[in-house]
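Colleague: Got a minute to walk me through this one? I'd like to go over cysteines, pockets and a few single residues.

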Amino acid sequence: MMPFLLQETQDELALLAERYGQPLVRNVDLGQTKQFDPINKNDRYGEVCMVVRRKNGRLLTMKKTFYPTGAYRLLTGGINHGEAIFAALLRETHEETGLEVEVKRFLVAAAYLTDATGAQPVFYTFAFLLDEIGGTLGVIDENERVEAFVEIEPAQLLECAAFLAQSDETRFSAEIDGSWSDWGKFRAAIHQLVWEALSAPGI
């Protein structure tokens, strides 16, 4: 599925696809983008994207305190080197939401490419649909600096993607060690892909 990853990670991806459904597998070309958080982090090779579906059928998005105004997005969390993807998914969901969830579907496996790296991906995102089954919404890890949560309809994922992609803020930001323009294009991609995956019959 992702030939540049370690074999043990490829094996886990195959098992997750067998259990939770074959995801969309996509390469995302970021072009001439420069490095920024999180793709410049040395402690991770990728992230999980938690597509948390609340009991009312709406999806959970969040905004951090230092994000541009209105920049709500799907929740993500880093996968540490040597950490299983599924373990990271459960850990990050707990830390960022405090909710009890049931994993329903493996939605997307995305690899990000840049002009500087050619065919070698610089980062990965693995998105999963999670149904809320209990708990109380609230950030467990205060270091995440979450300002607020907002629920959206699945169809609004395209609006989120468009908003994130439109940023023209090219100045360096110390908060992300890069520009919001590059960050926004990167973040927009998974919203587009998750929307595509959720549009499939039976999801």
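Modeller: Sure, we can take those topics in turn, keeping in mind that this is a predicted model.

Colleague: Cysteines, then. How many disulfides are there in the whole structure?

Modeller: A search of the whole structure turns up 0 disulfides.

Colleague: Why is Cys49 not in a bond?

Modeller: Because the closest cysteine sulfur, in Cys160, is 11 Å from the sulfur of Cys49, which is too far for a bond. The cut-off for a disulfide is sulfur atoms within 2.5 Å. Seen from the other end, Cys160 is in no disulfide either, with the sulfur of Cys49 as its nearest cysteine sulfur.

Colleague: And is Cys49 buried or exposed?

Modeller: Cys49 is buried, at 0% relative accessible area.

Colleague: What about Cys160, buried or exposed?

Modeller: Cys160 counts as buried too, because its relative accessibility is 13% and the limit for buried is under 20%.

Colleague: OK, pockets. How much space lies in the largest pocket?

Modeller: The largest pocket holds about 470 Å³. It is lined by 25 residues, and Asp37, Lys41, Arg44, Lys64 and Glu144 are the closest to its centre.

Colleague: Which elements give two or more residues to that lining?

Modeller: Strand 2 (44-53), strand 4 (73-80), helix 2 (85-97) and helix 4 (180-198). Strand 4 has the largest share, with 5 residues.

Colleague: How does the lining of the largest pocket split by class?

Modeller: There are 15 charged residues in the lining of the largest pocket, along with 5 polar and 5 nonpolar.

Colleague: Now the second largest pocket. What's its volume, and which residues lie nearest its centre?

Modeller: The second largest pocket has about 260 Å³ of space. Its lining has 16 residues, and those nearest the centre are Leu5, Leu6, Thr9, Tyr45 and His81.

Colleague: Which element gives the most to that lining?

Modeller: Helix 1 does, with 3 residues. Helix 1 (7-20) and strand 6 (123-135) each supply at least two. By class, the lining of the second largest pocket has 9 nonpolar, 4 polar and 3 charged residues.

Colleague: Switching to single residues. Where is Thr61 found?

Modeller: Thr61 is in strand 3, which covers residues 59-64. Thr61 is buried, with a relative accessible area of 0%.

Colleague: What does the side chain of Thr61 reach?

Modeller: The backbone oxygen of Val150, at 2.8 Å. Leaving out residues up to four places away in sequence, Thr61 also touches others, including Tyr72, Arg73, Leu74 and Leu75, as well as Ala148 and Phe149.

Colleague: And Arg187, which helix is that in?

Modeller: Arg187 sits in helix 4.

Colleague: Is Arg187 buried or exposed?

Modeller: Arg187 is buried, at 4% relative accessible area. Beyond four places in sequence, Arg187 touches Pro38, Glu47, Arg73, Thr76 and Leu164.

Colleague: Last one, Glu159. Buried or exposed?

Modeller: Glu159 counts as exposed, because its relative accessibility is 54% and exposed means over 50%. Glu159 lies in helix 3, residues 157-165.

Colleague: How far apart are Glu159 and His191?

Modeller: C-alpha to C-alpha, Glu159 and His191 are 9.0 Å apart in space, and 32 residues apart in sequence.

Terms used: Residues are numbered from 1 along each chain as its sequence is written. This is a predicted model: local features need pLDDT of at least 70, side-chain atom pairs count only at pLDDT 80 or more; totals for chains, interfaces and linings use all residues. Side-chain values use heavy atoms; hydrogens and water are left out. Buried means under 20% relative accessible area, exposed over 50%, partly exposed in between (1.4 Å probe, protein chains only). Helices (H or I, at least four residues) and strands (E, at least two) are DSSP runs, numbered from the N terminus. A polar contact is a pair of N or O atoms within 3.5 Å; within protein, one must be able to donate a hydrogen and the other to accept it, and residues adjacent in sequence count only if both atoms are side-chain atoms. Contact means heavy atoms within 4.5 Å. On a 1 Å grid over the protein atoms alone, a cavity is a set of points where a 1.4 Å probe fits but cannot get out, and a pocket is an open set with protein on both sides within 12 Å along at least five of seven lines; lining residues have an atom within 4 Å of a point. Grid points are joined across faces, edges and corners, and a volume is the space filled by probe spheres set on the points. Ala, Val, Leu, Ile, Met, Phe, Trp, Tyr, Cys and Pro count as nonpolar, Asp, Glu, Lys and Arg as charged, and the others, Gly among them, as polar.
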